[in-house]
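Let's work through a few exercises on charged side chains and the partners they find. Keep the sequence and the model open beside you as you go.

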Amino acid sequence: MSIPNTTTIPVPTNSIPTPHTHKPLHSTVKFLTICGKLDEALQLIESHPITHRNLLTYETLLRACIAKKSLHHGQRLHAQLLRSRGRKGAHHNLLNNPALKSKLITLYSVCNRINLARLLFYDGEIEMIPESVWVSMAIGYSRNGYSKDALSLYVDMLRFLRPGNFMFSVALKSCGELFTVGVGRGVHAQIVKSEEGPDQFVYNALLRLYSECGCFEDVVRMFDEMPQRDIVSWNLLISGFAGKGQLFEAFDAFRRMQVEGVGFDGFTLTAALPVCARINALSGGKEMHAQMVKSVIRPNVFALNSLMDMYSKCGVVDYARRIFDGMGRRRDLRSWNTMLNGYAISRRMEEGLKLFDEMLGSGFSPNTFTFDALMSGCSHMGLTTEGETLFHRMQTEFGISPSVEHYACLVDILGRAGRLKEALGVVKNMHEKPSGRIWGLLLNSCHIYGDLHLAETISKVLFEIEPKYVENYVVLLNIYENAGLWEGVKMVRVMMEKHVKKEVGCSWIEIKNRFHTFVAGGDLELGSSEEYQKLWSEFKEAMRVIGYYNGPDYGVVLRDVNEEIKKAWICGHSERLAAMFGLIHTGSGIPLRITKNLRVCADCHSWMKIMSQVTGRVFVLRETKHFHHFEKGSCSCKDYW
């Protein structure tokens, strides 16, 4: 390996008289370094002859230099050692001592002087370099972002020595950073052949390598084969599952981690709390919150923000607000944005807009994410004036250029208000190319107001840029149905059969720390059970008395199928099955929290409202982005969604 030109190490010419002292040199130097008096410690060393008998003293000073990243003091000691080596008759080169050389290399690497570390490493016969020095140099490369050099050093070392676990760990880390899983597998093979046997650090490095390279089957296999697992091992498994979108598996891994008494750390929170938020696992999030409260370590702002986000996305925004209020001056901009987004997805924009004013009064300047949250909340609450005002303030008052997401919110706000021409004008005058989401929102507004001509024009654009997105076809199909244009219905159905496969509706509910999942038209065993039939007959009569319509709203299904099929489709929607299961298996007064992978249909929305009145229960339904809180026959969305 070629050595680049480097800065020479200065050798001091001054000498300090030997002071009168009654204490051994090492004890005095150690005391001075503990007190942070590196100048005095170094002067004391420089006043004594350099000899191998004082190796422990030199190591003590270098450890202090590394801890304080004091390059100056370390270079002065290095210079003393070099000067000693150059004296006539010197019989011992202290720089060949592995401990001293390793510590000097470490000092230079932590001070970002990798060239000096490299120069020192190659000062001598390479075949005589011990493993500890190779490891220090490899760690130095890795610490400074030179992953390729660290891996090359590992390969060079194989010519002279058998690597141990420290070197294996560095090599695996470099492979992960370079995404060279093939080389990583080669290192893994050498680990298997090694007589030393892998330690916990090597096992975790293997987990991290396979996780970062997307080989998650290897992650699971390695995890199962490990003789012991620590917090790092579990964190890697949880984050690996989460990265693959296997959210329930990630949550189950967190549960297993707690059962085994491993506990958790800050990295666990950053991996597991977002999982709880995405699958609406309120109980798991509360468990983590309880452990944070019990911990002697004060949670940092990042952990508190993640906790707020979890509560908001699990539909209990009041819990998030308690955390927010308790943070006081520790809040950062993300704290404010998280709280604003919580109000937006819970459709509590009056409180959200008030909080925005408080944020400005506290001296925080909003960013693009602030307006994403505020405008999205306005669009789903019909706050047209407020949404338009925010869009203009964002540019004129705060100098923020609108993103595609901001334009999408504005188009949705105008479209839902029936101002379709204005919404179309916004789309045509955008500085960026309109996304499929923007055209889709405008198409949905055409559905609300029955604008067939504009809907057909928009659909042509959508089918070109998003030919496989099923929602666009469904909306156009419903528009044709509402207009009674059956030829159009048939045409759209043919296109759907050719291009897309409709996603199956799926809902889940958590009861007693277990998730129960239901799909549309599925779980015939539940529907035919005696408990279900008994409960349903009681509710059906009560619903008729209250005034629930004689039959389901078939506007959400195709009209050219028979009555029985229509009824089965509507009554078998997954959120209804989850709600009935929850009513059977929970006590009165307990809110039922249901999550659905798709938007709730109009009939199920009406059904939930009536059920909340009949049963006296609270139903919290989370669909793709927002919440519906059903209580006493009404919904938090005020039928605007």
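The exercises below look at salt bridges in this predicted model.

**Exercise 1.** Find out how many salt bridges the structure holds.

*Solution.* The total comes to 22 salt bridges. As background, side chains of opposite charge can pair when their charged atoms come close.

**Exercise 2.** Describe the contact between R76 and E46, and work out which parts it ties together.

*Solution.* Start with the distance: the N to O separation is 2.8 Å, and the two side chains form a salt bridge. Next, place the residues: R76 belongs to helix α4 (residues 71-86) and E46 to helix α2 (residues 38-46), so the pair ties together parts that are 30 residues apart in sequence. Finally, check accessibility: R76 and E46 are both buried.

**Exercise 3.** Do the same for R255 and E510.

*Solution.* The closest N and O atoms of this salt bridge are 3.6 Å apart. Since R255 sits in helix α14 (residues 247-259) and E510 in strand β1 (residues 506-511), the pair links parts 255 residues apart in sequence. Both residues are buried.

**Exercise 4.** Examine R221 and E225: how are they placed, and which network includes them?

*Solution.* Their salt bridge has its closest N and O atoms 3.7 Å apart. Both lie in helix α12 (residues 216-225), and because they are four residues apart, about one helical turn separates them. For accessibility, partly exposed covers values between 20% and 50%. R221, at 36%, is therefore partly exposed, and so is E225, at 48%. Lastly, the salt-bridge network links R185, D218, R221 and E225.

Methods:
Residues numbered from 1 in each chain as written. Predicted model: local features only at pLDDT ≥ 70, side-chain atom pairs only at ≥ 80, totals over all residues. Heavy atoms only, no water. Salt bridge = Lys/Arg side-chain N within 4 Å of Asp/Glu carboxyl O. Helix = DSSP H or I, 4+ residues; strand = E, 2+ residues; numbered from the N terminus. Buried < 20%, exposed > 50% of the residue type's maximum accessible area, 1.4 Å probe, protein only.
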